[in-house]
Amino acid sequence: MTLTEFNTLPPQDADAVLSRCLPVPRWVAAVRDGRPYAEWPELEAQAARAAGHLDDGELDDALAGHPRIGERASSPAHHAEASAREQSGVDRSDAEVARALAEGNAAYERRFGRVFIIRAAGRSAPEVLAELDRRLGNDDATERDETVRQLREIALLRLREVAS
């Protein structure tokens, strides 16, 4: 879809498109209500600003839209096609990678009480695993901020795919 087409979508259709990028109603409304956008950088700036902070409920909503890294989407909320495309650099058929990701995901969830999220697009399994290991050393506040940053990067990546 072009930016012009995005700008002219009925509000309900724009909401559906935006919710696949970041399922946070406040963010969806802020980006939708900023229309029309003259160019991609204007849309990107508004989307990034609106995703700059997520409260706890918004963070939970956003994370519910993603499967664990290295796992296939198991819920309609996971947006299977986008998740599979974004995680294409992570070879699930490699038993060692699958084991390391499962162990890392479990350790992360024990440590932080939420799913590990990373913009996996363009990253290999070793890069994802190195980031997972690094982030396990973060304190809670630092990791929460990192999680929000990663969600924002994913949202912008998905938004670019649908409206540029």
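**Note on a predicted all-helix chain**

1. In this predicted model, helix H5 passes helix H9 in a left-handed crossing. On the H5 side the contact is made by Asp56, Leu59, Ala62 and Leu63, and on the H9 side by Arg144, Thr147, Val148 and Leu151. The axes of H5 (residues 56–63) and H9 come within 11 Å and cross at roughly 50 degrees. An angle under 35 degrees would count as roughly parallel, and one of 65 to 115 degrees as roughly perpendicular; H5 and H9 are therefore oblique to each other.

2. The overall composition may be stated next. The chain has 9 helices and 0 strands, so that its pattern along the sequence reads α-α-α-α-α-α-α-α-α. Of the 164 residues in the chain, 43% are buried. Among contacts with a separation of 6 or more, 67% join residues that lie 24 or more positions apart.

3. A second helix pair is formed by H7 (residues 95–112) and H8 (residues 125–135), whose axes come within 10 Å and cross at roughly 25 degrees. This makes H7 roughly parallel to H8, since angles under 35 degrees are counted in that way. H7 passes H8 in a left-handed crossing. The residues of H7 that meet H8 are Val97, Ala100, Leu101, Gly104, Asn105, Tyr108 and Phe112. Their partners in H8 are Ala125, Val128, Leu129, Leu132 and Arg135.

4. Which residues of helix H3 are buried? In H3 (residues 25–33) they are Trp27, Val28, Val31 and Arg32. They lie on the same side of H3, because they cover an arc of only 125 degrees around the axis. The general background is that an α-helix has 3.6 residues a turn, so residues three or four places apart point the same way. The face of H3 turned away from the buried side carries the exposed residues Pro25 and Asp33. The cover over the buried residues of H3 includes helix H1 (3–8), helix H2 (11–19), helix H4 (40–50) and H9.

5. The loop between H3 and H4 contains Pro36. The peptide bond from Arg35 to Pro36 is cis, with omega near 0 degrees. For orientation, most peptide bonds are trans.

6. Is Gln150 buried or exposed? This residue belongs to helix H9 (residues 140–162). Gln150 has a relative accessible area of 4%, and a residue counts as buried under 20%; Gln150 is therefore buried. The side chain of Gln150 makes a polar contact with the side chain of Glu146, at 2.9 Å. Leaving aside residues up to four places away in sequence, Gln150 touches Ile117, Ile118, Arg119, Arg123 and Arg135. One of these, Arg135, also takes part in the meeting of H7 and H8.

7. The final point concerns Met1, which is placed in the segment before H1. Met1 counts as partly exposed because its relative accessibility is 40%, a value between the limits of 20% and 50%. Met1 and Glu161 are 160 residues apart in sequence, yet their C-alpha atoms are 8.4 Å apart in space. Residues up to four places away in sequence again being left out, Met1 touches Phe6, Leu9, Val17, Val162, Ala163 and Ser164.

Definitions and conventions:
Residues numbered from 1 in each chain as written. Predicted model: local features only at pLDDT ≥ 70, side-chain atom pairs only at ≥ 80, totals over all residues. Heavy atoms only, no water. Helix = DSSP H or I, 4+ residues; strand = E, 2+ residues; numbered from the N terminus. Buried < 20%, exposed > 50% of the residue type's maximum accessible area, 1.4 Å probe, protein only. Polar contact = N/O pair within 3.5 Å; in protein donor to acceptor, adjacent residues only side chain to side chain. Contact = heavy atoms within 4.5 Å. Arc of directions from axis to C-beta. Axes fitted to C-alpha atoms, helices over the stretch in contact; angles between N-to-C directions. Parallel < 35°, antiparallel > 145°, perpendicular 65-115°, else oblique. Left-handed = near helix turned anticlockwise from the far one by under 90°.
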